[in-house]
Amino acid sequence: MTQTLSPGSAKTTPATPTPPASPAYGARRTIAILAVILTGQFMAVLDASIVNVAIPSIRTSLHTSGSALQLIVAGYVIAYAVLLVTGARLGDRFTQRRTFIAGLAAFTVASLACGLAWNEVTLIVFRFLQGVGAAAMVPQIMTLIQRNFTGNARAKALSTYSAIISGGMVVGQVVGGLIVNADLWGSSWRGVFLVNVPIGVVLLLVAPRVLPSDTARFDRKLDLAGLAMLTASVLLLVLPMVLGHEQNWPLWTWITLGASVIGIAVFIAIERAVAARGGEPLFAQRVLRAPGLVLTAATLFVIMATFGGWMFVMAIHLQSTLGYTALHAGLLFIPMGVTFALASLNWERIPHRFHAAMIPLGLVLGAVTMVTLGMLLRNGADFGPLPLTIFGIQGIGFGLAFSPLMTRTLAKIPMSLAADASGILVTSVQLGIVVGIACFGTIFLGLLGTTALSAAHALGGTAIAEGVTVLAAAALATRAAR
């Protein structure tokens, strides 16, 4: 019996009903569906990184600390990551169309609230609510693709989906710089959030007319105990990493770090208990046993932890250390964005026999360029032609790794588990970003001195740490690619 469920929604028994096949739509209708849902996906991914370029402006305007800046960036991703699977189940209970629209509405309203935030606390809270909206909206996208696209059209849709997930972070740096520098009506950093409002309103007007309404509803069970424990464990891990360096690592930070490990163990126990009594755990065992899934999820976690941390650190270095404007800093990410997109969308043109080796080699290239950039910039040098070229090469390396790894893994997984597997992979990506910002942001801010030279040295030290982490990801990818 074939299932086409949303991410994280696999049952622990084979009795899950099969959703009816969607009617065959014309090419224009399917293109319209893809345009709506992938625009929503792009907005959600973009908001994980667009704020990076606005960090110096936010710090000046709201007088925020380094820890608060990390929480402003990571708070959105925390909510997005831990609620992703639950959002998928809500889609099955209330239909993907209704849940996508509800999530889009919440995301749009929260974006408006972020743009109007009056201090760091309210901005952190509204960013978390943005993540809640994204978590309701995004999981519906994979299911809508599965139900409305077949054959080559589905393969192209999935390739575009993977490229948007991976490339949105880079594009966010460029768009963020353009918006902050434009400073329309004195909006400054607020524009990076307010830009979502008109786009969201247009999508809210179009989505009800375009998205199919003939999808079945299922009484899906929510793993609230697992959700609560996963959320608590992530917060116990991230908060001490973010706040510890500014408070000189007091005892409570070490206690909470230890508690996060215990929390993960309790979460695993809860998941097993839920499965044993016939419930639906967030991460079902039959999905986790899919070929290469766990190893790929671990690899993507490490890749995005490094990549997310690198984007955060580079945004601070370019503006705070080198004194570039938000526009100047954003434009410097264009070479990486272009090469990343080209590699992500065209890797299938490379002969198939090279694909397994291409992924780890791409990560090795990413590690080498990351360390090289850190060494070139560690003495406060400007971001000239040579660093810009290396930045572009770095985009090729990561582009040849991320999208192929996700796409190849999903291609090996039975269709009945594909949506659930994609949910686990996307959750790993988002949690990786959270941990990367907390971990590498803490390393960078901890090494940061009071002079421009010491700040540049902090970038060099962080780059070395990140390069080592990317090499670890390459080792994992060597096994995952097989």
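Angles between helix axes run from 0 to 180 degrees, taken between N-to-C directions, and those over 145 count as roughly antiparallel. Keep that in mind for the first stop, and remember as you click around that this is a predicted model.

**Stop one: two helices side by side.** Select residues 355–377, which make up helix α18, and then residues 452–480, helix α22. Their axes come within 8 Å and cross at roughly 170°. That angle is over the 145 cut-off, so α18 and α22 are roughly antiparallel to each other. Now colour the contact between α18 and α22 by residue type: you'll find 18 nonpolar residues, 5 polar and 1 charged.

**Stop two: a salt bridge.** How many salt bridges does a search of the whole structure find? Just 1. To see it, show the side chains of D47 and R127, which meet at 3.3 Å, N to O. Side chains of opposite charge can pair when their charged atoms come close. Trace the chain from one partner to the other and you'll cover some ground: D47 sits in the loop between α1 (27–46) and α2 (50–53), while R127 belongs to helix α7, 80 residues apart. Are these two buried or exposed? Both D47 and R127 are buried.

**Stop three: a nonpolar patch.** Stay with helix α7, residues 120–137. Pick out V121, V125, F128, L129 and V132, then switch on the surface: together they make a nonpolar patch of about 390 Å². Finish by zooming in on V132, which lies in α7. With a relative accessible area of 33%, V132 is partly exposed.

Key
Residues are numbered from 1 along each chain as its sequence is written. This is a predicted model: local features need pLDDT of at least 70, side-chain atom pairs count only at pLDDT 80 or more; totals for chains, interfaces and linings use all residues. Side-chain values use heavy atoms; hydrogens and water are left out. Patches are made of residues with over 30% relative accessible area and no salt bridge: like charges are joined within 9 Å, nonpolar side chains (Val, Leu, Ile, Met, Phe, Trp, Tyr) within 5 Å. Accessible areas come from the Shrake-Rupley method with a 1.4 Å probe; for residues, only the protein chains shown count as cover. A salt bridge is a side-chain nitrogen of Lys or Arg within 4 Å of a carboxyl oxygen of Asp or Glu. Helices (H or I, at least four residues) and strands (E, at least two) are DSSP runs, numbered from the N terminus. Buried means under 20% relative accessible area, exposed over 50%, partly exposed in between (1.4 Å probe, protein chains only). Angles under 35 degrees count as roughly parallel, over 145 as roughly antiparallel, 65 to 115 as roughly perpendicular and the rest as oblique. Ala, Val, Leu, Ile, Met, Phe, Trp, Tyr, Cys and Pro count as nonpolar, Asp, Glu, Lys and Arg as charged, and the others, Gly among them, as polar.
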